[in-house]
Amino acid sequence: MNSTVTSAPRRRGRRLLAASAALGLTLGLSACTIGEADDDDGTAAPQTSAEDTAATEEPADTDAQPPTGGVDDLILTAADAPELELQPVPAEDIAGGLSAIGGLTENVTVEPEHCADFNQDALLEQAEPGTMAIQAGQVGETAFAVAITTVVDDLPERATQIADCPAMTVTFAIEGQELVTESTNTLVDLEAPEGVSDFAAVMQDNSMDMMGQPVENGTFMITGSIRGFGISVTATSATGAIGPEIQDAAMDAFTKQAAKIRDAA
């Protein structure tokens with residue numbers, strides 16, 4: 001009985017992490033700000049910063065052939081980045097997270113309206129077996145998710161999307177309650193690792209009023225593509241903005257993930 005009770009919030013948490021990582025590779029910024037009243041204490045779950053990202057681009061190596069391994073072989077693991085205490089997110093939790101976000105975005109109002117656009121087809125494609133792998137970890141109060149995917153069509157538009165949506169107001173309903181999130185999206189000037197194209201990094205700061213209490217959280221996400229695979233690294237804090245130390249940890253994980261794909265046979 002007890003294991004059933006405690007496992008439900010844990011699974012919801014894994015699904016939110018999966019959604020956060022997947023959204024960063026497939027959807028529009030509005031979906032990033034949609035959280036879920038998840039844990040037993042009723043606090044807001046980390047808002048998925050979905051779409052992300054920003055800044056410089058390195059020219060892609062058009063002659064590079066895709067690695068022979070699949071997403072499960074190429075994803076960063078605890079052995080590659082022990083400081084993040086990574087664990088694999090099961091395929092059913094990835095699909096569950098994507099399904100949950102797909103449902104939440106159906107009744108969302110976004111200002112400006114153009115920031116509400118997202119790629120529903122890419123969202124569904126991410127749930128296909130063998131398309132995406134995610135490893136999730138925790139550093140202090142910050143949740144990390146590392147994701148790789150074979151769905152890369154949306155990545156070239158990331159920086160433009162951030163520039164077009166520096167501030168948003170997102171209104172949505174959860175459990176019969178209307179919630180309003182104010183979000184700011186800031187491009188972060190970082191250098192792309194060797195071989196990475198469509199590189200972008202974004203800081204998203206979110207604030208909302210929940211049951212009369214102010215709730216603030218932050219998400220830092222880095223995305224890019226290499227050898228036919230999309231990569232995202234997401235750091236999410238439920239207690240406020242992401243600091244420089246966490247940004248450095250996210251960039252280090254992204255660099256390690258890019259190198260693992262770049263150097264694979």
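1. Lys256 has a relative accessibility of 28% and therefore counts as partly exposed, a value that, like every other in this note, comes from a predicted model. Its salt-bridge partner is Asp252, and the closest N and O atoms of Asp252 and Lys256 are 3.3 Å apart. Asp252 is likewise classed as partly exposed, at 33% relative accessibility. Because Asp252 and Lys256 are four residues apart in helix α7, about one helical turn separates them. The contact also belongs to a wider arrangement, since Glu83 is linked with Asp252 and Lys256 in a network of salt bridges.

2. How many salt bridges does the structure hold? There are four of them, and one joins the side chains of Asp80 and Lys260, with an N to O distance of 2.7 Å. This pair connects distant parts of the chain, as Asp80 sits in the loop between α3 and β1 (87–88) while Lys260 belongs to helix α7, 180 residues apart. Neither classification at this site is buried or exposed in the full sense: Asp80 is partly exposed at 30% relative accessibility, and Lys260 is partly exposed at 25%.

3. A salt bridge also forms between Arg262 and Asp263, where the closest N and O atoms are 3.5 Å apart. The two partners fall into separate accessibility classes, for Arg262 is partly exposed at 26% relative accessibility, whereas Asp263 is exposed, with a relative accessible area of 57%.

4. Helix α7 also takes part in an aromatic contact, and a search of the whole structure finds one aromatic pair. The pair consists of Phe199 and Phe254, whose ring centres are 5.5 Å apart and whose planes make an angle of 65°, an edge-to-face arrangement. Distant parts of the chain are linked in this way, because Phe199 lies in strand β7 (residues 197–210) and Phe254 in helix α7 (residues 244–262), 55 residues apart. Are these two rings buried or exposed? Phe199 is buried, with a relative accessible area of 1%, and Phe254 is buried as well, at 0% relative accessibility.

5. The nonpolar interior deserves a separate comment. The largest nonpolar core comprises 33 residues, and Ile148, Phe220 and Ile222 are those with the most contacts inside it. At least two residues of this core come from each of α3 (71–74), β4 (142–149), β7, β8 (213–226), β9 (229–237) and α7. Of the contributors, α7 gives the most, with seven residues. Apart from this core there is a second, separate one of ten residues, among them Met168, Leu179, Met208 and Val215.

6. The structure contains one disulfide, which is formed by Cys115 and Cys165, with their sulfur atoms 2.0 Å apart. The torsion about the S-S bond of Cys115 and Cys165 is about -110°, and the disulfide is therefore left-handed. Cys115 is placed in the loop between β2 (109–111) and α5 (120–126), and Cys165 in the loop between α6 (158–164) and β5 (167–174), so the pair ties together parts that are 50 residues apart in sequence. Both Cys115 and Cys165 are buried.

7. The backbone has some features that a reader may wish to inspect. Most residues other than glycine have a negative phi, and most peptide bonds are trans. Against that background, a cis peptide bond joins Glu111 and Pro112, with omega at about -5°. Pro112 is located in the loop between β2 and α5, which is also the loop that carries Cys115.

8. Where do positive phi values occur in residues other than glycine? Glu85 is one such residue, with phi near 50°, and Asp198 is another, its phi also being near 50°. Their surroundings contrast: Glu85 lies in the loop between α3 and β1 and is exposed, with a relative accessible area of 55%, whereas Asp198 is found in strand β7 and is buried, with a relative accessible area of 16%. The loop between α3 and β1 also holds Asp80, the partner of Lys260, and strand β7 also holds Phe199 of the aromatic pair.

How values were computed:
Residues are numbered from 1 along each chain as its sequence is written. This is a predicted model: local features need pLDDT of at least 70, side-chain atom pairs count only at pLDDT 80 or more; totals for chains, interfaces and linings use all residues. Side-chain values use heavy atoms; hydrogens and water are left out. A disulfide is a pair of cysteine sulfur atoms within 2.5 Å. Buried means under 20% relative accessible area, exposed over 50%, partly exposed in between (1.4 Å probe, protein chains only). Rings of Phe, Tyr and Trp (its six-membered ring) pair if their centres lie within 6.5 Å; planes under 30 degrees apart count as stacked, over 60 as edge-to-face and the rest as tilted. A nonpolar core is a set of buried Ala, Val, Leu, Ile, Met, Phe, Trp, Tyr and Cys residues joined through side-chain atoms within 4.5 Å. A salt bridge is a side-chain nitrogen of Lys or Arg within 4 Å of a carboxyl oxygen of Asp or Glu.
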